[in-house]
Amino acid sequence: MSNQLSFFDTPVAQHHVGAGSFAEELAEFTYYGKRTELSSTKAVIDGAKLLDVPTFTNEFWTSRQRAAHSMHEISYRACFKPQLPRFFIERLTHPGDRVYDPFMGRGTTVLEAALLGRRAAGCDVNPLSAVLVSGRLQPPTMAQVESRLKNLELSGRIDVREDLLVFYHPETLKEICALRAYLLKREASGTLDSIDRWIRMVAVNRLTGHSTGFFSVYTLPPNQAVSVDGQRKINAKRQQVPSRRDVKRIIAKKTASLLADATLRPGGSLSLMGTMR
Ligand SMILES: C[S@@+](CC[C@H](N)C(=O)[O-])C[C@H]1O[C@@H](n2cnc3c(N)ncnc32)[C@H](O)[C@@H]1O
């Protein structure tokens, strides 16, 4: 196999079969019962150099695997199954190594790297991504979230954008706006902490969706959000009106399910390793 890309020679860090290069590991992989087929793909690099890229075809992960860590389970269209980045992270890196995802989206790779004890780093052109990822790299405990929610005052007078009433019941919209004002104030004063970042992550992820686990009436998830006009059409077609949703209760419920697999470290911390930029 000539002209191999350099990472194919990386020694395998953790794997199911004997020690060897990454290429040997893929070639010998039979974990799901099939033998790997070897072939070659022609690839043009930098517009000139023609490479024969070794190509390995097999089932290297499967949707039949047991569910991944609960911390991944936020609503997001177009994400990897966590087992996909895990496959590569386990074989190409060691604990403590840096794993970087420049297109992190909801953060599947970054989070999985942190869960595997790697130093995770990532970025994304969409600011939604950092909000969804940073809150989960330093998760608070359930008790910390419950206590913060209990002390949050979301029922005072607040101006709301009337057009958003196509998505939300008026009382729910007031609570969302009050929470937003609280988070912006904490950010502006430099006091936004890991509990606030968690609450912001859950709240942003619960803004819009298709079940009663979201603040909105039936609609698309946050990273595919529809316009106000688009939502009017959805409401008319489905003959629906936004019903009252309890913002704090939804945040607490989603927090409990996200933290279901998290184990407390001595001292009560749930910290994962990670860096955001
Ligand atoms: C399909 S998502 C990645 C999902 C991720 N692999 C996961 O499983 O969570 C692709 C991401 O790339 C980001 N993106 C696209 N072009 C980019 C660019 N030029 N620089 C940084 N991020 C970019 C998008 O904003 C989007 O979040």
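Contacts that span a long stretch of sequence make up much of this picture: among contacts in the protein with a separation of 6 or more, 58% join residues 24 or more positions apart (two residues are in contact if their C-beta atoms, placed from the backbone, lie within 7 Å). This is a predicted model, where local features need pLDDT of at least 70, side-chain atom pairs count only at pLDDT 80 or more, and totals for chains, interfaces and linings use all residues. Residues are numbered from 1 along each chain as its sequence is written.

The pLDDT, the predictor's confidence in each residue from 0 to 100, averages 86 over the protein, and 86% of the residues score at least 70. Residues 1-11 stay under 50, with 19 contacts beyond four places in sequence in the model. Residues 14-18 are also below 50, and have 7 contacts beyond near neighbours in sequence. Where pLDDT is low, the predicted coordinates should not be read in detail.

As for secondary structure, the protein has 9 helices and 5 strands; helices (H or I, at least four residues) and strands (E, at least two) are DSSP runs, numbered from the N terminus. Of the 277 residues, 28% count as buried, meaning that 20 or more other C-beta atoms, placed from the backbone, lie within 10 Å of a residue's own. Helix α8 (residues 228-238) has 1 buried residue out of 11, so it lies largely in the open. Right after α8 comes Gln-239, with a positive phi near 50°.

Then there's the ligand. Around it sit 15 residues, of which Cys-79, Phe-80, Phe-103, Gly-105 and Thr-108 come nearest (a residue is near a molecule if its C-beta atom, placed from the backbone, lies within 6 Å of it).

Terms used:
Buried ≥ 20, exposed ≤ 12 C-beta atoms within 10 Å, placed from the backbone.
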